[in-house]
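Here is a short tour of one protein model. Keep the sequence and the 3D view side by side as you read.

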Amino acid sequence: SKREIKLRKLDSTKLRPLNSEQLLRIEDHDFALRPGFGGSPIPVGIDVQVESIDSISEVDMDFTMTLYLRHYWKDERLSFRSNRNKSMTFDGRLIKKIWVPDVFFVHSKRSFIHDTTVENIMLRVYPDGNVLFSLRITVSAMCFMDFSRFPLDTQNCSLELESYAYNEDDLMLYWKHGNKSLSTDEHISLSQFFIEEFSASSGLAFYSSTGWYNRLFINFALRRHIFFFVLQSYFPAMLMVMLSWVSFWIDRRAVPARVSLGITTVLTMSTIMTGVSASMPQVSYIKAVDVYLWISFLFVFLSVIEYAAVNYLTTIEERKQLKKRGKASGTYSIDAVQAMAFDGCFHDTDVDMDLAAFPDRCEVNETRARAASVCNVDTTRAKRKRSLKGNVGRIILQNNHVIDTYSRIIFPSVYIVFNFFYWGLYI
C-alpha cells in the first residue's frame with residue numbers, strides 16, 4: 001500500500017549511510033599540509049584538565065601526571081552541510097587521515113595514550129570546520145628540584161607543551177580560555193606533598209637551527225609534609241642527643257656504663273643519617289636535614305669526648321693523690337671509690353678488697369688481715385648493703401667532676417638554642 005511505501009522511505013535504517021570520508025570530503029584535500037598553508041599561522045587553542053598527579057620522585061627528579069589534553073582549531077577543509085548545525089564525533093581511527101597539531105611534551109621521559117578498552121581519543125568536527133581533538137595521556141617529565149631546604153622545601157614543577165615541527169610562523173599555540181584553561185580534579189592529593197597552586201602561562205622557546213616556537217606551561221607548586229620526617233628523623237635524633245646527656249649523671253668511674261652509652265648513641269645516630277641519605281639523590285650540596293642530623297651527631301660525639309676528658313683528668317688526679325699518700329705513709333692504698341675505676345663496680349669503704357687484684361693491700365699488717373678473714377660473711381654482706389644504700393648518692397655527688405657539672409648545663413642550653421635558630425630559619 002502507499003502507507004507502507006511511505007514508512008519505508010522514512011525508515012533511516014533502510015537508507016545506505018554516507019561514509020565519513022565522503023561526508024568530510026577527505027579524498028578531495030591533501031591533509032599532509034596544515035590549514036591555510038603558506039598564509040598566516042594557524043591558531044591552535046589548548047585546554048587541560050589534570051586528572052591526577054600519580055607520583056613525585058626525588059631520586060629521579062621527575063613527576064608523573066595523567067591529564068586530558070584538548071586542542072581547538074579550524075580547518076575549513078572539514079566543513080560540511082548540516083540542517084541542524086550539529087557536530088559529528090569520531091574516534092581515533094580518523095586521526096591518521098586528517099591534519100592534527102603535533103604537540104609534544106618538552107623534557108618528557110616517557111608518555112602514552114591510554115588504550116583501554118580502545119584508544120582514549122576523541123575527534124569532534126563542527127559544520128563550519130571547527131575541530132575539537134581530545135586525548136587522555138599519562139606523561140612523566142623532568143622536574144628540576146632544589147633540596148637545599150629538604151624536608152622543609154617547596155618544589156616548583158612545570159609541564160611544557162610545544163609544537164615539534166611548526167614554529168611561530170606556521171602555528172600559534174595559546175591557552176583557549178586564558179587562566180581558566182587549566183582545571184584540576186578536586187580530589188587530587190599526594191602522600192608527601194600539599195598542592196599549593198596550579199597555574200597556566202605561555203612563552204617562546206628559541207632553537208638556533210629552526211627558530212622560535214610557542215610554548216605553554218602547566219605550573220604547580222608542591223609543599224612537603226613535614227610531620228613524616230619529624231617522626232622518622234628529627235624526633236629520634238632529638239632523643240639520641242638527650243640520651244647521650246644521661247652520661248653526665250653517671251659516676252665518672254663507671255667506665256663500662258658511660259662508654260657503652262656513648263657508643264650506642266653514636267651508632268644510632270649513624271643509622272638515622274644513613275637511612276635518610278639512602279632515600280635521597282646524591283646531590284653535591286648540603287640539605288637542611290643534613291645540617292640538623294650532623295649537628296645532633298656532633299653533640300652525641302662531644303658527649304663521648306667529654307667523658308674521655310673526665311676520665312683522663314680523673315686518672316691524673318688519682319695518681320697525684322697516690323703519690324702523696326705513698327710518700328706520707330710509705331705505702332700505697334686504694335679506697336673504694338678509686339677501685340671502681342678498675343672493675344666498674346662500687347666497693348664499700350668498710351669492705352676489704354681482693355689482695356690479688358690490688359697488691360698494695362699486701363703491705364697491711366698481717367694481724368689485721370688474718371682477723372678480717374675470720375669475719376662472718378653474712379655480717380659483712382649486710383653491712384655492705386646498708387652502707388651502699390646510705391652512701392651511694394653521696395658518693396656520686398662527691399665524686400662528680402667539674403666538667404660533668406658544666407656539661408649538664410651547657411649541652412642542653414646550646415642544643416635548645418640551636419633548635420630555636422634552625423626551625424626559625426627554615427620554617
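A residue counts as buried when its relative accessible area is under 20%, and as exposed when that value is over 50%. The model is predicted.

**Three helices**

Start with helix 3, residues 227-244. Its buried residues are F229, S233, Y234, A237, M240, V241 and S244. Y234 is also the site of a bend of about 35 degrees. A proline, P236, follows within four residues of Y234.

Helix 4 covers residues 255-278. Here the buried residues are R258, L261, G262, T265, V266, M269, I272, M273 and V276.

Helix 9 takes in residues 402-426. R408 marks a kink of about 30 degrees in helix 9, and the proline P412 comes shortly after. Both R408 and P412 are buried. Other buried residues of helix 9 include D404, S407, F411, Y415 and Y422.

The table sets the span of each helix, from its first C-alpha to its last, beside the value expected at 1.5 Å a residue.

| Helix | Length | Span | Expected span |
|---|---|---|---|
| Helix 3 (227-244) | 18 residues | 25 Å | 26 Å |
| Helix 4 (255-278) | 24 residues | 35 Å | 34 Å |
| Helix 9 (402-426) | 25 residues | 36 Å | 36 Å |

For helix 9, the span agrees with the expected value. For helix 3, the span is close to the expected value. The span of helix 4 is also close to its expected value.

**Annotated regions**

An unreviewed UniProt entry marks residues 226-249, 261-280, 292-314 and 409-426 as "transmembrane region". How much of residues 226-249 is helix in the model? The span is 75% helix and 0% strand, with its end C-alpha atoms 34 Å apart. Residues 409-426 are 100% helix and 0% strand. The end C-alpha atoms of that span lie 26 Å apart.

**The core**

The largest nonpolar core has 81 residues. Among those with the most contacts inside it are L24, I46, V48 and Y422. This core draws at least three residues from each of domain 1 (42-224) and domain 2 (228-320 + 416-426). I46 has many partners beyond four places away in sequence, including L69, H71, L161, W175 and L216.

**A loop residue**

A32 sits in the loop between helix 2 (20-24) and strand 1 (42-57). Is A32 buried or exposed? A32 has a relative accessible area of 59%, so it is exposed. A32 and I98 are 66 residues apart in sequence, while their C-alpha atoms are 7.6 Å apart in space.

Conventions:
Residues numbered from 1 in each chain as written. Predicted model: local features only at pLDDT ≥ 70, side-chain atom pairs only at ≥ 80, totals over all residues. Heavy atoms only, no water. Helix = DSSP H or I, 4+ residues; strand = E, 2+ residues; numbered from the N terminus. Expected span 1.5 Å × (residues − 1). Bend = angle between axes of the 7 residues up to and from the residue. Buried < 20%, exposed > 50% of the residue type's maximum accessible area, 1.4 Å probe, protein only. UniProt positions renumbered as here; feature names shortened; annotations may be inferred. Core = buried A, V, L, I, M, F, W, Y, C linked by side-chain atoms within 4.5 Å. Domains from an automatic or database assignment. Contact = heavy atoms within 4.5 Å.
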